[in-house]
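Biologist: I am new to this one, and I would like to learn how each label is earned. Could you walk me through the reasoning?

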Amino acid sequence: MPRILAIADEPFPGMPDLTTAHPDLVLSCGDLPWEDLELIVDLANVPLLFVPGNHDPSLRPASEPPFPPRIAVRDLEDPPGPRGCINLDGAIADVAGLRIAGLGGSIRYCPGPNQYTQREMARRARKLARRASLKRRRDGRGVDVLITHSPPKGLGDDDDKAHEGFEAFHGLIAALRPQLVLHGHIHPHGTPRPDRRLGDTRLVNVVPYKVIELPT
């Protein structure tokens, strides 16, 4: 039964909580400084997978001039993002006995990276669903956990434009049928945010952090 430490948006309390939690993996739902994620992965000494939030830097590699070629240099460079952590934005990974998919970003409400219109996120969600379907055909395994930065529209989001959820996540969850969806972006501000359900899937707002045990 893997133990997940899920974090997002607000500073994680620190080492005492890590030693108490004894996580098998850490899942970050975005908007945490990269240096904090690097520290957490060092202290926890377990895999850390993340998706970016709307306040995170862009993870797209910087453009390079076509000439002169820089293949040897590029191969030695670290990928964008926190060192020692796995970028799960639009990707799927098998870690600690779980198949985990991720989709970062928020609704587009101002200029900046990691923001999408409803239509743009729908395209990204369809692409992720196709990727999960191909993996399921190959090995018969479905997605256990989906991590996102924003929640589905109408399920734990807020009324203001910046915190609107994504309509496409309803279809994505129906296609993937994960046991668990973890998201951030919506700050509790002292008010408890109850878990929600969409079909058989449990949706959890993890801000600032949650420790969850999930049967495999």
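Modeller: Gladly. A salt bridge here is a side-chain nitrogen of Lys or Arg within 4 Å of a carboxyl oxygen of Asp or Glu. Keep in mind that this is a predicted model.

Biologist: What makes D89 and R124 a salt bridge?

Modeller: Their closest N and O atoms are 2.7 Å apart, and the limit is 4 Å, so the pair qualifies. D89 sits in the loop between β4 (86-87) and β5, while R124 belongs to helix α4 (residues 118-139), so the bridge ties together parts that are 35 residues apart in sequence.

Biologist: Why is R124 called buried and D89 partly exposed?

Modeller: Buried means under 20% relative accessible area, and partly exposed runs from there up to 50%. R124 has 19%, so it counts as buried; D89 has 22%, so it is partly exposed.

Biologist: How do you know that E120 and R108 meet in a salt bridge?

Modeller: The N to O distance is 3.8 Å, and the cut-off is 4 Å, so this pair passes too. E120 is in helix α4 and R108 in the loop between β7 (106-107) and β8 (115-116), so parts 12 residues apart in sequence are tied together. Both partners are partly exposed, E120 at 25% and R108 at 35%.

Biologist: How many salt bridges does the structure hold?

Modeller: It holds 11. One of them joins R202 and D195 at 2.9 Å, N to O. Through shared partners, salt bridges also link D94, R99, D139, R141 and D144 into one network.

Biologist: What about D9: why is no salt bridge listed for this residue?

Modeller: The nearest side chain of opposite charge, R193, is 11 Å away, and a salt bridge needs 4 Å or less, so D9 has none although it is buried. D9 is found in the loop between β1 (3-7) and α1 (15-21). Its side chain does reach the backbone nitrogen of H185, at 2.7 Å.

Biologist: And what makes the link between D158 and R193 a polar contact?

Modeller: Their side chains come to 3.3 Å, and a polar contact allows N or O atoms within 3.5 Å, so the label fits. D158 lies in the loop between β9 and α5 (168-176). Its contacts also include H163, E164 and I186.

Biologist: Why is N205 called buried?

Modeller: N205 has 4% relative accessibility, and the bound is 20%, so it counts as buried. The residue is in strand β12 (residues 201-205), where a polar atom of its side chain lies 2.9 Å from the backbone oxygen of I186.

Biologist: How do you know that C29 and C85 form no disulfide?

Modeller: Their sulfur atoms are 14 Å apart, too far for a bond, since a disulfide needs 2.5 Å or less. A search of the whole structure finds zero disulfides. Both cysteines are buried, C29 at 0% and C85 at 15%.

Biologist: Which residues have the most contacts inside the largest nonpolar core?

Modeller: They are I4, L27, I100, V145, I147 and L182, in a core of 23 residues. β1, β2 (25-28), β5 (92-95), β6 (98-103), β9 (145-148) and β10 (180-183) each supply at least two of its residues. Apart from this core lies another, of 22 residues, among them I92, A101, F166 and L176.

Conventions:
Residues numbered from 1 in each chain as written. Predicted model: local features only at pLDDT ≥ 70, side-chain atom pairs only at ≥ 80, totals over all residues. Heavy atoms only, no water. Helix = DSSP H or I, 4+ residues; strand = E, 2+ residues; numbered from the N terminus. Buried < 20%, exposed > 50% of the residue type's maximum accessible area, 1.4 Å probe, protein only. Lys, Arg positive; Asp, Glu negative; His and termini not counted. Polar contact = N/O pair within 3.5 Å; in protein donor to acceptor, adjacent residues only side chain to side chain. Core = buried A, V, L, I, M, F, W, Y, C linked by side-chain atoms within 4.5 Å. Contact = heavy atoms within 4.5 Å. Lists of a residue's contacts leave out its neighbours within four places in sequence.
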